[in-house]
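Student: I should like a close look at one helix pair and at the nonpolar core of this chain. Please keep the account connected and give the criteria behind each term.

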Amino acid sequence: MQALWMVLAAFLFASMGVCVKIASAHFNSAELVCYRGLIGMAILWLLARSQKVTLGTAYPGMHAWRSLVGVVSLGAWFYAIAHLPLATAMTLNYMSSVWIAAFLVGGTLLAWRPSAAAPRPALQGTLIVTVLTGFVGVVMMLRPSLDQNQAFAGMIGLLSGLSAAFAYMQVVALSRLGEPESRTVFYFAVGSAVAGGVALLFTGTSVWPGWQALWLLPIGILAAGGQLCMTRAYASAKTQRGTLVVANLQYSGIVFAAIYSVALFGDVLPPIAWAGMVLIVGSGIAATVLRARAAPGAPAEEH
């Protein structure tokens, strides 16, 4: 059942991407972030109330930082979805696992101080190969985009995965302090609504499109539903092996996004882009396995 919950979560996140792409024709990224936050706040407040989880926190600064980097990731992802094929934007956001692996390598080396008692840490060859494979996949995916003058959107999509990795590490820290996930996600929704509203002071608002504004509603609902299904999947996984299976099944979201991209939007990705996608998925799965060994019991990533 945990596998089915994760596949359902991936499907919901990919479906949210479809709604974002359609809605982006009528709203800018700041508006989408703001409305997603407002809808998420309402849903998560109801969820926290049903779970009898209080929303007061002893770590407001940590939640503020998590919300800040999370909003940067979300805004960058929405921008990438609007300007890139859905499959490309989705895959670049899922690069967060590879970025986390890169941080593990860099953090180990930066923390080392030469001394007789502390020999140089191992180079962690498997991690390095995983990271390099992921970045080779990025180059292969974005090469077709560069030919279509989509380089800037590609870099923004890459930023979404990078900032998602920072957000994930903050979620891990909050989880270890005992913060319930519903509270953490609620404050992220608050941060999204506030940051999106502030951004609107600079970007302005779009002309209200009428009934097409209804696309905003499923963005928030599908995001919350995906997060709940993902949480249920991890909660149902009782062993480390089961947790790894669940974590790796999140990449089925890229498959759903690819199907949507071709079937709904008529996107044409050349073979080199598909090959790059395969490399990124493979490196992401390897990075997830390595991360699980380094930090067992860490919470799920959000997309």
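Tutor: The account below begins with the whole chain and then turns to the helix pair and the cores. This is a predicted model, in which local features need pLDDT of at least 70, side-chain atom pairs count only at pLDDT 80 or more, and totals for chains, interfaces and linings use all residues. Residues are numbered from 1 along each chain as its sequence is written, and side-chain values use heavy atoms, with hydrogens and water left out.

The chain contains 12 helices and 0 strands (DSSP runs of H or I with at least four residues, and of E with at least two, numbered from the N terminus). Of its 303 residues, 51% count as buried (under 20% relative accessible area, with a 1.4 Å probe and protein chains only).

Helix α2 (residues 29-50) and helix α3 (residues 60-83) have axes that come within 9 Å and cross at roughly 125°; the axes are lines fitted to C-alpha atoms over the stretch in contact, with angles running from 0 to 180 degrees between N-to-C directions. That makes α2 oblique to α3, the class left once angles under 35 degrees (roughly parallel), over 145 (roughly antiparallel) and 65 to 115 (roughly perpendicular) are set aside. Ser29, Leu32, Val33 and Arg36 of α2 make the contact with Val71, Leu74, Gly75, Phe78 and Tyr79 of α3 (heavy atoms within 4.5 Å).

Leu32 and Phe78 also belong to the largest nonpolar core, of 63 residues, where they, Met16 and Ile219 touch the most other members; such a core is a set of buried Ala, Val, Leu, Ile, Met, Phe, Trp, Tyr and Cys residues joined through side-chain atoms within 4.5 Å. Helix α1 (residues 2-23) gives the most to this core, with 10 residues.

Terms used: Buried < 20%, exposed > 50% of the residue type's maximum accessible area, 1.4 Å probe, protein only.
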